[in-house]
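Hi,

Here is the structure I promised to pass on. Have a look at it first, and my notes follow below.

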Amino acid sequence: MGISISAAGSLFNRAKNRTAEIDGEFLLKVFAVGLVALPLFLFVLYPLIHILGRSFQTADGLGLENYITVLGTRRFFLLLYNSFAVTLLTTGITVFLAYGFAFATQRTRVPGKNVFRLIALIPLFAPSLVQAQGLLLLMGRNGIINRTFGTEYSIYGFWGIVISSVLYVFPYAFLIFSASLAAADNRLYESSRILGAGPFRTFMTVTLPSTRFAVMAATFVVFTLVITDFGNPMVVGGDYNVLATEVYNQVIGQANFELGTVIGMVLLLPVAAAVAIEKVLNKNHYGLLSEHATPMVIEPHHLRDGFFAVYVTLICLCILAVLGIVIFASFTHLWPYRLDFSLRHYAFDVQNGIQPLYNSIYTGLMAAGIGVTATGLAAYVTERFNTFFDTPLYFLCIVPAAVPGMVLGLGYIMAFNNPSNPVYAIYGSLLLIAICNVYYYHAQGFLIASTSMKQISSTYDEASAILGGTFIRTVRKITLPLMWPTLLGVAVFFFMRSMVTLSAVIFLMTPSTQVAAVSVLLLEDRGAVNQAAAFSVCIMAVVVSVLLVARILLNTFGHRHISLIR
Amino acid sequence: MSLEIRNTSKFFGRLKALDNVSLQVESGSLVCFLGPSGCGKTTLLRVISGLLQPDEGVLFLDGRNLLSVPARKRNFGMVFQSYSLFPNMTIAANVAYGLESRKWQKSDIAERVKEILFLVHLEDQALKYPHQLSGGQQQRVALARALAPKPSMLLLDEPLSALDAKVREELRDEIKTLQNQLRITTIMVTHDQEEALTLSDKLVVMCDGKIIQEGSPMDVYQNPANSFVARFIGRMNVLPASTGIPYSRNGHTKGAVPNLLGIRPEHVYLTTNADSESVFKGTVMLIRRLGNLTRVILRLDHIQNGKGPIRITAEMPGQADGLMIGHTRYVSMPPPFVRILEWE
Ligand SMILES: Nc1ncnc2c1ncn2[C@@H]1O[C@H](COP(=O)(O)OP(=O)(O)OP(=O)(O)O)[C@@H](O)[C@H]1O
Ligand SMILES: [Mg+2]
């Protein structure tokens, strides 16, 4: 009797639970999941499907014709070879150099570490082709070297691309190694020393193995950046073509979308593979540092410190030379013939005047706003809602990392340059460019936000609920106040990338929506090196000012540990 | 407010974290959940609070079904193990949070915050931030925050475990005083048996998601339901009945044969001569002098279990002067104190 009553009770209770679940909170969750997922479908997957479809589209229906046309040519194999040659060499050099640089700033007693760190990161504030720009000013036909020594040397071609690419990706690799080398367990080093190992042996048996994941991560990140970069090869490549420049030439030069998309798809494969491998490898590297790890104590060592002081100084000189010459050239009367001081290139009496810079700032601000909203919401939903959709949603959020910017941009043309698509209403506007930038960098923004969300204990949410706080009140009073420093960092990240990126937006801009980074490319292409330099300097100035304002804001409110440079 | 939990179960995947739990919590009483790590204490508390929905079972508060009431409307107060004070708010704002959520008048809020901070002796810390307080102070704030909205029930999840011994004892007494003063129905999770024994009106011993025994602390201490409870609360000696130690049946069924017997160390007496029947010869293996108390571990030379001679713990007041390792003593275990823990 007692048993049957309680069984009935529990049945009743199950039914009751279910009705209780389908109340406001459940609907809110469904709504939020949709709010995160739908834009990702619309602005990432949908364009990708379109570009895939277009690559199979031929005069008489669907077919492999485009692929046969492209893949059957000798030129394609040359491009493939060129791309891989440049990318692999650049990756090797960068990983090696950046590791050494990070080692110097984290594991030696080189004086002025912070200054060196900052210099290594400066290239992130400049348009992504500034390295090629600077390299030409130094070693191009009209470069300083030829003018000074009367030589006829030319940097155009393979080595030009490799050098400018190394300088371009150096800060990304440095950041990864720096974070990895900063986390060290001193006990391992002490036991290695007690066992009588010398510095080299300690490095090989302790340091290198503990940073092997960083080495892999940096390798894949650098590989992806270089193989998809087209700004630097465009400017300094000369006759040396790579896959990325070919996409541009096919689409912009010859309006041949089909062939452009085929090469885009070819580019997508290695990038997607690299990102996938990196994510899989990264999954298993938790707990590298045990709970009882003690912080690293670095003893002075004259030979080591001296060597690395010279090493970092040389690298910093290279970085500064390339950037410095651009700044210098922007202030000369007419580079390289009249080097007297002049501000005339800042008058921007070129085609669109100063408008592209304003366009960039508007776009950056919009991207910051949209980006921080989209990734913040995505992080909240995946970290807090505990729905069935957490894993697929997480995956969807980081998919963009595997899509080259040019491919995404091309996908936007194919998907949205079509009056029957509602997004057509904003086609050709700065808003769509901002959206494109947001979804191009969505994965990184999302990871920053969700890492920080993980660190904010969910017991705050629970404490608030028990105290009678509604969901909205919890977010407004607790989650947002605790998250704002990180969210500001995410906004700055989107602004910064939006200001300097080239590849995602190149296909989307019209004369009236030209952005500053594209101006640099077009002016450089026309030989207007002074104005191009002036535009680059303006971009850097804007980015640095925004970073400074954000830094001051964060420091004022006691959030020194939030890093803004990513 | 009295709470009734009926046939409640909770699964985490395949793990049965709560297994058909039924419990009655009397109005105004303090109930302690005690048990080893991972036995489901927190899970049960979270089910009561509404932070977790049970998979089976019903909860009633004063006869009203609780399950359809979301956590924020249950009007319970809760203190978490990690304090969980909102780091972006002052102490006063933390305490006021629940009152604002309940839309109290501004002036009432100010008054209540003052009153409750006075109650936990933190009236002069109102404008500080949580990280500026000591662990004990933070836990007091957490208590104040939970009590401020006059909850119908107070839930405490190991509120003292992050504190050092001295502060813990102070705060333990303070909680008891507060609870007595306010007569608020309170459930407290702990895995410190001393805490549970001194604080609770009712002790609930849990293991593997099940309630093993419930009762007054005295009752559970004196009559442990099985060897698990006996070992977990106090350090009862557990002996096989096959040793032939005389025991008291204290009212149990006559015919059945006991399997395991238990006796508290303070009821194990040592003498130098074998003058009575129920004595066993033993050798002193270890002596711990704990100030006002001495704990002795002896080997009973003639009583074996499967693994060899049995060891037994005895406790006596004072210093036990003259007792040394290796001495022979006779152990007497008066039958009234020998309990039956398990039947064949
Ligand atoms: N959210 C969850 N998901 C999966 N398993 C859980 C979850 N919460 C608890 N568990 C598991 O349920 C069991 C009971 O956990 P619970 O936290 O209730 O134990 P506890 O008695 O409070 O232990 P402790 O004394 O260590 O706090 C444990 O095995 C735990 O691993
Ligand atoms: Mg617990």
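**What turned up**

B:Arg6 comes out as partly exposed, with a relative accessibility of 33%. Its side chain meets that of B:Glu4 in a salt bridge, at 3.2 Å from N to O. B:Glu4 is partly exposed too, at 23% relative accessibility. Keep in mind that this is a predicted model.

That pair has company: over all chains, the structure holds 20 salt bridges. Also in chain B, the closest N and O atoms of B:Lys16 and B:Asp19 are 3.4 Å apart, and the two form a salt bridge. B:Lys16 counts as partly exposed, at 35% relative accessibility. Add B:Lys210, and you have a network of salt bridges linking B:Lys16, B:Asp19 and B:Lys210.

Then there's the salt bridge between B:Lys176 and B:Asp201, with 3.8 Å between the closest N and O atoms. This one ties together distant parts of the chain, 25 residues apart: B:Lys176 is in helix α5 (residues 165-182) of chain B, while B:Asp201 is in the loop between α6 (193-199) and β9 (202-207). B:Asp201 is partly exposed, at 37% relative accessibility.

Over in chain A, helices α16 (residues 355-384) and α22 (residues 471-500) pack with their axes 8 Å apart, at an angle of about 140°. Angles over 145 degrees would count as roughly antiparallel, so α16(A) and α22(A) are oblique to each other. The crossing is right-handed.

Last item: A:Phe26, A:Leu27 and A:Val30 make a nonpolar surface patch of about 280 Å². A:Phe26 belongs to helix α2 (residues 24-56) of chain A and is partly exposed, with a relative accessible area of 38%.

Cheers

Definitions and conventions. Residues are numbered from 1 along each chain as its sequence is written. Chains are lettered from A and ligands numbered from 1 in the order in which they are written. This is a predicted model: local features need pLDDT of at least 70, side-chain atom pairs count only at pLDDT 80 or more; totals for chains, interfaces and linings use all residues. Side-chain values use heavy atoms; hydrogens and water are left out. Patches are made of residues with over 30% relative accessible area and no salt bridge: like charges are joined within 9 Å, nonpolar side chains (Val, Leu, Ile, Met, Phe, Trp, Tyr) within 5 Å. Accessible areas come from the Shrake-Rupley method with a 1.4 Å probe; for residues, only the protein chains shown count as cover. A salt bridge is a side-chain nitrogen of Lys or Arg within 4 Å of a carboxyl oxygen of Asp or Glu. Helices (H or I, at least four residues) and strands (E, at least two) are DSSP runs, numbered from the N terminus. Buried means under 20% relative accessible area, exposed over 50%, partly exposed in between (1.4 Å probe, protein chains only). Axes are lines fitted to C-alpha atoms, for helices over the stretch in contact, and angles run from 0 to 180 degrees between N-to-C directions. Angles under 35 degrees count as roughly parallel, over 145 as roughly antiparallel, 65 to 115 as roughly perpendicular and the rest as oblique. A crossing is left-handed if the near helix is turned anticlockwise from the far one by less than a right angle, and right-handed if clockwise.
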